[in-house]
Amino acid sequence: MERAEKREFVTAMHDAFSNAGAVVVAGYTGLTVAEISAFRAKVKAAGGTVKVAKNRLAKIALQGTEAHHMSDLFKGQTLVVYSTDPIAAPKAAVDYAKTNEKLVIIGGSMGATSLDESGVRALASLPSLDELRGKLLGMIVTPATRIAQVVNAPAGQLARVFGAYARKDEAA
């Protein structure tokens, strides 16, 4: 890697560490290129990004960010998974690690909060932002439909009573 490429990588990673909702560091020893490509595609579909980290450059990129405490995680072959949604990157990484034991979750960060492997797994078990929005919308809509049913019920009862009187008059 040339010096200009290194600067560009450090700048891009610094921005990623600064703006990410969550960052996951994982070891990928033994993964084939095809497996890494499949992992990248899964993470991209979830709204995240995967970067193979040059440890020394990643440590430089961490300087001056809230996630600076993660520098000790960069040992061996590591890759970084990050996303603006704090749940997307951990969920995609943990899901892939379940099916491929060569991807080892080392730890991560959510802003200034340091996460170990169990912290990343706990974060991954939470519902995503879209799922939470859907549940909240469901909670808001349910009472509204019940109110509409209650308001419409008396009118429906009146209509049935009038209908019964009309049938009674027709029969007589």
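This report describes the fold, the sheet and one helix pair of a predicted model.

## Overall fold

The chain has six helices and five strands. Read from the N terminus, these elements follow the order α-β-α-β-α-β-α-β-β-α-α. The radius of gyration is 27 Å, well over the 16 Å that the globule rule gives for 172 residues, so the chain is more spread out than a compact globule. Along the principal axes, the C-alpha atoms occupy a box of roughly 100 × 35 × 30 Å.

Of the 172 residues in the chain, 34% are buried. Contacts between residues at least 6 apart in sequence were also sorted by separation: 78% of them join residues at least 24 apart.

## The sheet

The five strands make an open sheet, and their order across it is β2-β3-β1-β4-β5. Pairing in this sheet is antiparallel. The edge positions are taken by β2 (48-53) and β5 (113-116); each has a single partner strand, so one side of each is left without a neighbour in the sheet. From one strand to the next, the twist averages 20°.

At the β5 edge, strand β4 (residues 104-110) is joined to β5 by four bridges, and the two strands run antiparallel. One of the residues involved is Met110, whose bridge partner in β5 is Thr113.

## Helix α2 on the sheet

Helix α2 covers residues 33-46. This helix lies across β2 and β3 (78-83). Its direction is at about 145° to that of β2, and β2 is one of the two edge strands.

## Packing of α2 and α4

Two packed helices are described by the angle between their axes and the distance between the axes. For α2 and α4 (residues 88-99), the angle is about 145° and the axes are 9 Å apart. The crossing of these two helices is right-handed.

On the α2 side, the contact is made by Glu35, Ala38, Phe39, Lys42, Val43 and Ala46. Helix α4 contributes Ala88, Ala92, Ala93, Asp95 and Tyr96. By residue type, the contact of α2 with α4 consists of eight nonpolar and three charged residues, with no polar ones. The charged residues are Glu35 and Lys42 of α2 and Asp95 of α4.

## Summary

Helix α2 thus appears in two settings: it lies across β2 and β3, and it packs with α4 at an axis distance of 9 Å. The sheet itself is open, with five strands, within a chain that is more spread out than a compact globule.

Methods:
Residues numbered from 1 in each chain as written. Predicted model: local features only at pLDDT ≥ 70, side-chain atom pairs only at ≥ 80, totals over all residues. Heavy atoms only, no water. Axes fitted to C-alpha atoms, helices over the stretch in contact; angles between N-to-C directions. Left-handed = near helix turned anticlockwise from the far one by under 90°. Contact = heavy atoms within 4.5 Å. Pairing = 2+ DSSP bridges. Rg over C-alpha atoms; globule rule 2.2 N^0.38 Å. Buried < 20%, exposed > 50% of the residue type's maximum accessible area, 1.4 Å probe, protein only.
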